[in-house]
Amino acid sequence: MAESNSYEEQRRRQIEENRRKLEELRLHHLSAAVREAAARPKPKPNPKPRPKRKAPGPGELRRSGRVAGLPEQPNYLKGAQQRDDQGVYAAYDARIWKGPTDEERAAAVAKAEELQRRIHRIRRPAFVKTMTHVCASRAKQMMIPKHFIEHLPAHDEAVVLVDEADDEFHMMCNASKEGRHCYLSKGWREFAVHHDLENGDCLVFQLIDSAKFKVYIFRANPDYESDQTSDDSEDEQ
C-alpha cells in the first residue's frame, strides 16, 4: 500500500515538473497560434498581368505563345523581295538621272543658240535655258539668266508664256529686292509638266511683249517626237 502511494506521488511530481517546463517554453501558446494561422483563410496572390500580344497584321504569321518570347527570325523571302525592288528602283533612278549624252545635250544647245542668233538679228531680246533634272521635273521656279534681267521690270509682274502651239500659260515673274535675280513661279511647274520637259532639253525664250514670252523647245532625247521649232521667224528686211 505504501509502495502504491509512493508511485502516485512520484507520478504527480513528474506531471507538475512537465507542466512547469511547458509553461517556461510557452509551447501551448505556440500551438494555439499555429492552429489559428491554419484556420485563417489564405490571401490569393495577385497574378502578374500577362502582356497583350499584338494581333498579326495582314500577311503576317501568327506566332505561338511558346515561341513568342524568342528573338524574331529573319524573313529571307522579304529580304529577297526588297533586293528585287531596290534593283527596279535603282534602274529607274539611273534611267531618269542619267539624262542625255554629251552629244545629245550639245546638239540641243546648238539648235537653241542658232535660233537665238536668228531672233537677235531681228533685234528681239531672247535667252537660252537648258533644263536640269530638278528644274524640269520638280522645281516650282525657273531662274532667268542675269544678263537678261535688264529687259524685265524691277518688280513682280504677271507674265504669259506662249508655246509653239500658241497655247498660253500664265505665271509670275518675280524680282528680288536688290534686282539681281528674276525667276518664273506660280505656273512654271504646270508648264514643265504639260510639255514633258526632261533633263537636257533646251528652251529659247523670246520676249515678244513687255510681259509675254514665245517659248521654243529643243529636245535632247533623240527618241522624242520631232521639234516644232519656229522656222517662221522672219529676218529683218
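**Exercise 1. A pair within one helix**

Task: Find out whether Glu17 is buried, partly exposed or exposed, and work out which residue forms a salt bridge with Glu17.

Solution: Let's go gently, one step at a time, through this predicted model.

- Step 1. Glu17 has a relative accessible area of 29%. Buried would need a value under 20% and exposed a value over 50%, so Glu17 counts as partly exposed.
- Step 2. The partner in the salt bridge is Arg20, and the closest N and O atoms of the two are 2.1 Å apart.
- Step 3. Arg20 is partly exposed too, with a relative accessible area of 38%.
- Step 4. Now look at the helix. Glu17 and Arg20 are three residues apart in helix 1, so about one helical turn separates them.
- Step 5. A general idea helps here: side chains of opposite charge can pair when their charged atoms come close.

**Exercise 2. Another pair, and a bridge across the chain**

Task: Describe the salt bridge between Glu9 and Arg12, then say where the partners Lys214 and Asp166 lie.

Solution:

- Step 1. The side chains of Glu9 and Arg12 meet with N to O at 2.2 Å.
- Step 2. Both residues belong to helix 1, which covers residues 2–25, and they are three residues apart, about one turn of the helix.
- Step 3. Check the exposure of each. Glu9 has a relative accessible area of 30% and is partly exposed, while Arg12, at 42%, is partly exposed as well.
- Step 4. Turn to the other pair. A salt bridge joins the side chains of Lys214 and Asp166, at 2.9 Å from N to O.
- Step 5. This pair links distant parts of the chain: Lys214 sits in strand 7 and Asp166 in the loop between strand 3 (157–162) and strand 4 (168–175), 48 residues apart.
- Step 6. Back in the earlier pair's company, Glu9, Arg12 and Arg13 are joined into one network by salt bridges that share partners.
- Step 7. Compare the partners across the chain. Lys214 is buried, with a relative accessible area of 13%, whereas Asp166 is exposed at 55%.
- Step 8. For the whole model, the count comes to seven salt bridges.

**Exercise 3. A buried lysine without a salt bridge**

Task: Which backbone oxygen does the side chain of Lys129 reach, and how far away is the nearest side chain of opposite charge?

Solution:

- Step 1. Locate Lys129 in strand 1, which spans residues 126–130.
- Step 2. Lys129 is buried, yet it has no salt bridge.
- Step 3. The nearest side chain of opposite charge is that of Glu113, 13 Å away. A salt bridge requires the nitrogen and oxygen to be within 4 Å, so Glu113 does not qualify.
- Step 4. The side chain of Lys129 instead reaches the backbone oxygen of Met143, at 3.1 Å.
- Step 5. Beyond its neighbours within four places in sequence, Lys129 is in contact with several residues, among them Met142, Asp201, Cys202 and Phe205.

**Exercise 4. Unusual backbone angles**

Task: What is the sign of phi at Asp166 and at Asp196, and where do these residues lie?

Solution:

- Step 1. Phi of Asp166 is near 65 degrees, a positive value in a residue other than glycine.
- Step 2. Asp196 also has a positive phi, of about 55 degrees, although it is not a glycine.
- Step 3. Asp196 is in the loop between helix 6 (188–194) and strand 6 (202–209), and Asp166 is in the loop between strand 3 and strand 4.
- Step 4. Asp196 is partly exposed, with a relative accessible area of 37%.

**Exercise 5. How confident is the model?**

Task: Which element of the protein chain has the lowest confidence, and which the highest?

Solution:

- Step 1. Begin with the overall picture. The protein chain averages a pLDDT of 77, and 70% of the residues score at least 70.
- Step 2. Confidence is lowest in helix 3 (residues 76–98), with a mean of 54, and highest in strand 7 (residues 212–218), at 93.
- Step 3. Over residues 91–96, pLDDT stays under 50, and the model has two contacts beyond four places in sequence for them.
- Step 4. Residues 226–237 also stay under 50, but for them the model has 23 such contacts.
- Step 5. Place these elements in the fold: the protein chain has six helices and seven strands.

Conventions. Residues numbered from 1 in each chain as written. Predicted model: local features only at pLDDT ≥ 70, side-chain atom pairs only at ≥ 80, totals over all residues. Heavy atoms only, no water. Helix = DSSP H or I, 4+ residues; strand = E, 2+ residues; numbered from the N terminus. Buried < 20%, exposed > 50% of the residue type's maximum accessible area, 1.4 Å probe, protein only. Lys, Arg positive; Asp, Glu negative; His and termini not counted. Polar contact = N/O pair within 3.5 Å; in protein donor to acceptor, adjacent residues only side chain to side chain. Contact = heavy atoms within 4.5 Å. pLDDT = per-residue confidence, 0-100.
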